[in-house]
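Subject: Structure for you, with notes on helix contacts and empty spaces

Dear colleague,

Here is the structure I promised to pass on to you. Please open it beside this message, since the notes below go through it part by part.

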Amino acid sequence: MKGVVFTEFMELVEARMGPDMLDRIITEAKLPNDGAYTSVGTYDHAELVRLVTALSAATGMGIPALIHLFGEHLFKRFSEGYPALFADAHTVFDFLSRIDGVIHVEVRKLYPDAELPSLRCERPRDGELVMLYSSPRGFGDLAEGLIAGCIAHFKEPISVTRTNLEKEDGMHRVRFDLRLRPA
């Protein structure tokens, strides 16, 4: 997992819960590098799980809720830090439909060793989008948070229904059904 995910998680914790909480969870997570991450480095995703687990224990918030919150934060940070990726997308459906074929291609140019999830999209009907998340790292909650961040960014009335699917060939899979609600 790219280090930018770790550095953004730490920024979220420090901004929302303070530097003492960040120090506490780094200590409790017993990380091999004592929490020293660079945005361009590559790290084991299990270290992020350990940080989230420590934060959950310290705050009493559930792990899925924390990962979802982080996904929302991450989307906002990506929209601020990489505006070029948003230039040709004017709606939630436009943006999400471009992730695998456009955005992940650009991410791989910056980070050739990035291990990205598959986010296939289908548009079954006008006003609907189906996204299929697939990854060996079960971060469906992160994907859901990123989708929520996308909806907040574009300010559209969209409902999301999540369906956890059976694991297949070692891949965690989640289906997200997005529907544009009438204004």
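I begin with a contact between two helices: Val 52, Thr 53, Leu 55, Ser 56 and Thr 59 of α3 meet Ile 63, Leu 66 and Ile 67 of α4. By class, the residues of this contact of α3 with α4 are five nonpolar, three polar and no charged. Please keep in mind throughout that the model is a predicted one. The two helices, α3 with residues 45–59 and α4 with residues 63–81, have axes that come within 9 Å and cross at roughly 115 degrees, and the crossing in which α3 passes α4 is right-handed.

Helix α3 also packs against α1, which covers residues 3–17, and here the axes come within 10 Å and cross at roughly 15 degrees. Angles under 35 degrees count as roughly parallel, and α1 and α3 are therefore roughly parallel to each other. Their crossing is left-handed. From α1 the residues that take part are Val 5, Phe 6, Phe 9, Met 10, Val 13 and Met 17, and these meet Glu 47, Leu 48, Leu 51, Val 52, Leu 55 and Thr 59 of α3. Sorted by class, the contact of α1 with α3 holds ten nonpolar residues, one polar and one charged.

The third helix pair to look at is α4 with α7, whose axes come within 7 Å and cross at roughly 45 degrees. That angle makes α4 oblique to α7, and α4 passes α7 in a right-handed crossing. On the α4 side the contact is made by Pro 64, Ile 67, His 68, Phe 70, Gly 71, Glu 72, Leu 74, Phe 75 and Ser 79, while α7 brings Asp 141, Leu 142, Glu 144, Gly 145, Leu 146, Ala 148, Gly 149, Cys 150 and His 153. The contact of α4 with α7 has nine nonpolar, six polar and three charged residues.

Now to the empty spaces. Rolling a probe the size of a water molecule over the atoms shows where empty space is left. A search of the whole structure gives two cavities of 30 Å³ or more.

The largest cavity has a volume of about 780 Å³. It is lined by 33 residues, and those closest to its centre are Phe 78, His 104, Leu 116, Pro 117 and Leu 146. At least two residues of this lining are supplied by each of α1, α4, α5 (92–97), α6 (99–110), β2 (128–135) and α7. In the lining of the largest cavity, 28 residues are nonpolar, two are polar and three are charged.

The second largest cavity has a volume of about 30 Å³, and its lining is made up of Phe 9, Leu 48, Val 52, Leu 66, Ile 67, Phe 70, Phe 139 and Leu 142. The elements that give two or more residues to this lining are α3 and α4, and the largest share, three residues, comes from α4. By class, the lining of the second largest cavity has eight nonpolar residues, no polar and no charged. Several of these names have already appeared above: Val 52 and Leu 66 belong to the contact of α3 with α4, and Phe 9 and Leu 48 belong to the contact of α1 with α3.

Finally, there is the largest pocket, with a volume of about 240 Å³. Its lining consists of 13 residues, of which Arg 16, Glu 72, His 73, Phe 75 and Lys 76 lie nearest the centre. The elements that give two or more residues to this lining are α1, α4 and α7, the last of these being residues 140–154. The largest share of the pocket lining, six residues, comes from α4. The lining of the largest pocket divides by class into five nonpolar, four polar and four charged residues. Glu 72 and Phe 75, named here, are also among the α4 residues in the contact with α7.

With best wishes

Notes: Residues are numbered from 1 along each chain as its sequence is written. This is a predicted model: local features need pLDDT of at least 70, side-chain atom pairs count only at pLDDT 80 or more; totals for chains, interfaces and linings use all residues. Side-chain values use heavy atoms; hydrogens and water are left out. Axes are lines fitted to C-alpha atoms, for helices over the stretch in contact, and angles run from 0 to 180 degrees between N-to-C directions. Helices (H or I, at least four residues) and strands (E, at least two) are DSSP runs, numbered from the N terminus. A crossing is left-handed if the near helix is turned anticlockwise from the far one by less than a right angle, and right-handed if clockwise. Contact means heavy atoms within 4.5 Å. Ala, Val, Leu, Ile, Met, Phe, Trp, Tyr, Cys and Pro count as nonpolar, Asp, Glu, Lys and Arg as charged, and the others, Gly among them, as polar. Angles under 35 degrees count as roughly parallel, over 145 as roughly antiparallel, 65 to 115 as roughly perpendicular and the rest as oblique. On a 1 Å grid over the protein atoms alone, a cavity is a set of points where a 1.4 Å probe fits but cannot get out, and a pocket is an open set with protein on both sides within 12 Å along at least five of seven lines; lining residues have an atom within 4 Å of a point. Grid points are joined across faces, edges and corners, and a volume is the space filled by probe spheres set on the points.
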